[in-house]
Amino acid sequence: MTELLSPDQLEERLRAIGAARYHSLHPFHELLHTGKLNFGQVQAWALNRYYYQCNIPIKDSVVLSRLTSVEDRRAWRQRIIDHDGSQPGEGGIARWLKLTEGLHLDTAYVESCAGLLPTTRFAVEAYVHFVRDRTVLEAVASSLTELFSPGIIQNRVSGMLANYDFISKETLAYFNNRLTEAPRDADFALAYVKREARRPDQQQAVLAALEFKCDVLWAQLDALYYAYVAPGHISPGAFVPEGFTTELRR
Ligand SMILES: O=C(O)c1cc(C(=O)O)c2c(n1)C(=O)C(=O)c1cc(C(=O)O)[nH]c1-2
């Protein structure tokens with residue numbers, strides 16, 4: 001029988017999953033942050049990640065609809081506002097489009113999602129389906145990768161600014177807001193699971209939800225690596241950068 005963990009032991013186990021499986025450890029991120037990728041490879045990353053960005057508020061709307069307490073919904077709805085904004089041109093999705101625009105990608109093409117790698121689509125959709133089909137506790141727990149995102153975002157922003165002449169503070173503005181939004185969201189989700197996971201089976205489900213989410217993030221980077229770095233097999237129909245080469249910058 002699995003033992004019942006104290007709330008703090010549960011947190012410790014969650015943090016251990018992040019330390020072992022978060023996408024900060026993926027070799028594609030290492031290349032991205034240290035300036036090794038060429039322009040086309042960075043374009044491919046931003047284009048594919050757009051699909052994650054635009055599905056996050058859909059995912060959060062599903063979670064919102066499943067939370068039964070007014071207080072929890074009040075807190076959760078801020079996530080949707082953060083990404084969708086309250087006016088045209090505001091919010092995280094619009095800020096992500098500033099990045100893709102800065103990388104010379106046509107906005108209509110990005111928004112059409114026509115150039116995605118199939119794995120990007122499948123991984124992101126698996127996340128949306130997970131929060132719909134599993135318990136609301138697992139749905140909340142699956143957002144807990146955000147506990148680990150401020151570190152990688154800081155590395156990414158400083159690394160990309162230092163290493164790519166085609167990247168500026170303005171194009172990376174998306175990440176500024178995340179540095180305050182992510183800890184706020186993660187604190188809420190962590191308190192929620194520590195409070196609500198009161199049985200061993202629920203605690204195991206929470207841990208498995210975080211592992212699942214790490215897989216969602218990891219699979220997206222595996223797909224980028226396979227298509228745009230090595231061996232460089234771009235899926236039929238997916239984005240092909242101009243003058244595509246898998247040669248890395250030195
Ligand atoms: O840049 C990153 O590495 C990163 C990671 C994650 C994450 O850990 O899921 C998110 C984000 N960014 C992000 O910008 C974001 O809005 C976000 C929402 C969520 C979520 O699961 O609800 N994760 C993340």
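In this predicted model, the shell around the ligand is a mixed bag: 4 nonpolar residues, 4 polar and 2 charged. The residues in question are Ile56, Gly92, Ser143, Thr145, Glu146, Ser149, Ile152, Ile153, Arg178 and Leu217. Helix α9, spanning residues 149–163, supplies the largest share of that shell, with 3 residues.

Then there is the packing. In soluble globular proteins, nonpolar side chains tend to be buried together. Here, the largest nonpolar core takes in 59 residues, and Ala46, Val193, Val206, Leu210 and Leu224 are the ones with the most contacts inside it. Helix α11 (residues 200–228) gives the most to this core, putting in 12 residues. As for Val193, once its neighbours within four places in sequence are set aside, its contacts are Leu137, Val140, Ala141 and Val206.

The backbone has a few oddities as well. Most residues other than glycine have a negative phi, and most peptide bonds are trans. His104 goes the other way, with a positive phi near 65°. This residue sits in the loop that links α5 (92–102) and α6 (107–112), and it counts as exposed because just 10 C-beta neighbours fall inside 10 Å. Cys113, also not a glycine, has a positive phi of about 60°. Its place is the loop between α6 and α7 (118–133). With 16 other C-beta atoms within 10 Å, Cys113 comes out as partly exposed. Finally, the peptide bond joining Ala230 and Pro231 is cis, with omega at about 0°; Pro231 belongs to the segment after α11.

Technical notes
Residues are numbered from 1 along each chain as its sequence is written. This is a predicted model: local features need pLDDT of at least 70, side-chain atom pairs count only at pLDDT 80 or more; totals for chains, interfaces and linings use all residues. A nonpolar core is a set of buried Ala, Val, Leu, Ile, Met, Phe, Trp, Tyr and Cys residues joined through C-beta atoms within 7 Å. A residue is buried if 20 or more other C-beta atoms lie within 10 Å of its own, exposed if 12 or fewer, and partly exposed in between; C-beta atoms are placed from the backbone. Helices (H or I, at least four residues) and strands (E, at least two) are DSSP runs, numbered from the N terminus. Two residues are in contact if their C-beta atoms, placed from the backbone, lie within 7 Å. A residue is near a molecule or strand if its C-beta atom, placed from the backbone, lies within 6 Å of it. Ala, Val, Leu, Ile, Met, Phe, Trp, Tyr, Cys and Pro count as nonpolar, Asp, Glu, Lys and Arg as charged, and the others, Gly among them, as polar.
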